[in-house]
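Me: I'm new to reading protein models, and I'd like to understand the reasons behind the labels. Could you take me through this one?

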Amino acid sequence: MNCLNCQKEFPPDAKPRAGISIMVAGDEYTYSYWQCEVCSVYTIKSYFDSSMGDYSKVTFLPPTPKDVGDRCVALVQACPTPFDKYCECSSHRALYTGRA
């Protein structure tokens, strides 16, 4: 995977800074936040899983500036269960679209 801003490839052993799963109208979205070591811009990877169980896809949000990405990561870290798609905490509500 490459940074959407500078196209630098993330190292093979790189891990996202944070991740969260959100339930939207019965469908699950999982967002992972990758910060580029070169330009500091975030690449946000979105995984969509249909509630019907027959459709899933991976997409990317537009390159996300450091300040916005840092705010998203802080929100994810504030939730004790970020991968609980049924969580209704303020972090999950704020990250409903992957960006706060």
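What follows is a short conversation about how a few labels are earned.

Reply: Happy to! Keep in mind that this is a predicted model.

Me: What makes you confident in the prediction, and where is confidence lowest and highest?

Reply: The protein's mean pLDDT is 93, and 99% of its residues reach 70 or more. Confidence is lowest in strand E4 (residues 56-60), with a mean of 90, and highest in helix H1 (residues 66-78), at 97. As a general caution, coordinates should not be read in detail where pLDDT is low.

Me: How do you know how many disulfides there are?

Reply: A disulfide needs two cysteine sulfur atoms within 2.5 Å. By this rule the count is zero. Take Cys72: the nearest cysteine sulfur belongs to Cys89 and is 13 Å away, so Cys72 is in no disulfide.

Me: And why is Cys87 not bonded to Cys89?

Reply: The sulfur of Cys87 lies 3.6 Å from that of Cys89, its closest cysteine sulfur, and this is too far for a bond because the cut-off is 2.5 Å.

Me: Why are Cys72 and Cys87 called buried?

Reply: Buried means under 20% relative accessible area. Cys72 has 0%, so the label fits. Cys87 has 18%, which is also under the cut-off, so Cys87 counts as buried too.

Me: Then what makes Gln7 and Ser40 partly exposed?

Reply: That label covers values from 20% to 50%, between buried and exposed. Gln7 is at 48% and Ser40 is at 26%, so both labels follow from the definition. Gln7 is in the segment before E1, whereas Ser40 lies in the loop between E2 and E3. Each has a positive phi of about 70 degrees although neither is a glycine.

Me: How do you know that E1 and E2 are paired strands?

Reply: Two strands pair when there are at least two bridges between them. Strand E1 (residues 18-24) is joined to E2 by seven bridges, so the two pair, and they run antiparallel. Met23 stands opposite Glu28 in E2. The two strands form a hairpin with two residues between them, and Ala25 in the turn has a positive phi of about 50 degrees.

Me: What makes E2 and E3 a pair as well?

Reply: Eight bridges join E2 to strand E3 (residues 42-49), so the rule of at least two is met; these strands also run antiparallel. One of the partnerships is between Thr30 and Tyr47 in E3. Here the hairpin has six residues between its strands, with Ser40 in the turn.

Me: Why is E2 described as mostly covered?

Reply: Seven of the nine residues in E2 (residues 27-35) are buried.

Me: Which residues of H1 are buried, and why are they said to line one face?

Reply: They are Val68, Gly69, Cys72, Val73 and Val76. Seen down the axis of H1, these buried residues fall within an arc of 135 degrees, so they line one face of the helix. The general idea is that an α-helix has 3.6 residues a turn, so residues three or four places apart point the same way. The face turned away from the buried side carries the exposed residues Asp67, Gln77 and Ala78.

Me: What covers the buried residues of H1?

Reply: The cover includes E1, E2 and E3.

How values were computed
Residues numbered from 1 in each chain as written. Predicted model: local features only at pLDDT ≥ 70, side-chain atom pairs only at ≥ 80, totals over all residues. Heavy atoms only, no water. Buried < 20%, exposed > 50% of the residue type's maximum accessible area, 1.4 Å probe, protein only. Helix = DSSP H or I, 4+ residues; strand = E, 2+ residues; numbered from the N terminus. pLDDT = per-residue confidence, 0-100. Arc of directions from axis to C-beta. Contact = heavy atoms within 4.5 Å.
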